[in-house]
Amino acid sequence: MSASNADRLAESVNKVSVGRVYDYLLGGVHNYAVDQAFAEEQLRLLPDIRDFAVSNRAFLGRAVRYAVEQGVRQFVDIGSGLPTQGNVHEVADEVAPGECSVVYIDNEPIAQAHAEILLERTADPDRHRAIDADFFDGALLWERVLETGVIDETKPIALLAVALLHFMPPETEPGRVLAYYRDRLPEGSLLALSHIHVDPSDTETLKVSKKLTESYAKKTNSPAMPRPREEIASFFDGLEMVEPGLVWLPEWRPAGEDPYSGEPARSRGLAGVGRKR
């Protein structure tokens, strides 16, 4: 490991990581005391956060299964985070064993290290890779994806941006960067995306979400904030929305139990899949 990477790793260990917090909420083991303390602080503010993580992870699994059933065999997972249950390559291989390629992308050294370990143990190096890159790298990120040799840019790709863009403040223009990746996708590709959203009528959560946003901005490596439905919908510009469209997390092609079954708006997350024609 280079000196710069070692420094990044040490810095990451000592600062709250949203990826490790998410892992903790899902019951994973790739997290530290600093992440656990922060997660418990957020749970006191909004106890439903753990259920959001579970519901969001379930959406990811359903979206991956849908993509495979539609004939897509390539996945690019930006902001993949730490390996936990229901990883993309595992879900894809359940549906089409030995057929799917996956590139995991994260900008956190620990997430990258754990992803590499996971892939060594459970994956096929000819089909599954993990790279250290940032969503905002744009052309450089896409170049590195193609350099892995496991993604064919002429065939349909499922681009995953799940629980990612709510960590991007407005001034960073995440929609512009996402549009660059959408433009790279060949015909027949899919974009699966989920994002924090609070129903305007949920005044109590809106008050709490302000505290959560301030807490994430102050203590983590990424701020977190909800966006209006219209802005989240704009991330799919130019794509044909797959039924049922942009909906609450548990409403997107439900299968099995969900923490918010019967009360989908309580998930406080919107999700959808768009197809490139």
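Helices here are DSSP runs of H or I, at least four residues long, numbered from the N terminus. With that convention, Ser 215 lies in helix α9, which spans residues 203-219. I should say at once that this is a predicted model.

Let me stay with that serine for a moment. Buried means under 20% relative accessible area. Ser 215 has a relative accessible area of 10%, and is therefore buried. Apart from neighbours within four places in sequence, Ser 215 is in contact with Phe 38, Glu 41, Gln 42 and Thr 220.

I turn next to the nonpolar interior. The largest nonpolar core holds 34 residues, and those touching the most other members are Phe 59, Val 64, Phe 75, Val 88, Leu 160 and Val 273. Two or more residues each come from α4, α5, β2, α6, β4, β5 (190-196) and β8 (269-275). Helix α4 provides the largest share, eight residues.

Consider Phe 59 in particular. Neighbours within four places aside, the contacts of Phe 59 include Val 162, Leu 193, Leu 249, Trp 252 and Val 273. There is also a second, separate core of 31 residues, with Val 103, Ala 133, Ile 157 and Leu 159 among them.

Finally, helix α5. Within residues 88-95, the buried positions are Val 88, His 89, Val 91 and Ala 92. Why do these residues line one face of the helix? Viewed down the axis of α5, the buried residues fall within an arc of 160 degrees, so they line one face. Their cover includes the helices α4 (49-69) and α6 (109-122), together with the strands β1 (74-78), β2 (101-106), β3 (128-132) and β4 (158-162).

Technical notes
Residues are numbered from 1 along each chain as its sequence is written. This is a predicted model: local features need pLDDT of at least 70, side-chain atom pairs count only at pLDDT 80 or more; totals for chains, interfaces and linings use all residues. Side-chain values use heavy atoms; hydrogens and water are left out. Buried means under 20% relative accessible area, exposed over 50%, partly exposed in between (1.4 Å probe, protein chains only). The arc is that of the directions from the helix axis to the C-beta atoms. Contact means heavy atoms within 4.5 Å. A nonpolar core is a set of buried Ala, Val, Leu, Ile, Met, Phe, Trp, Tyr and Cys residues joined through side-chain atoms within 4.5 Å.
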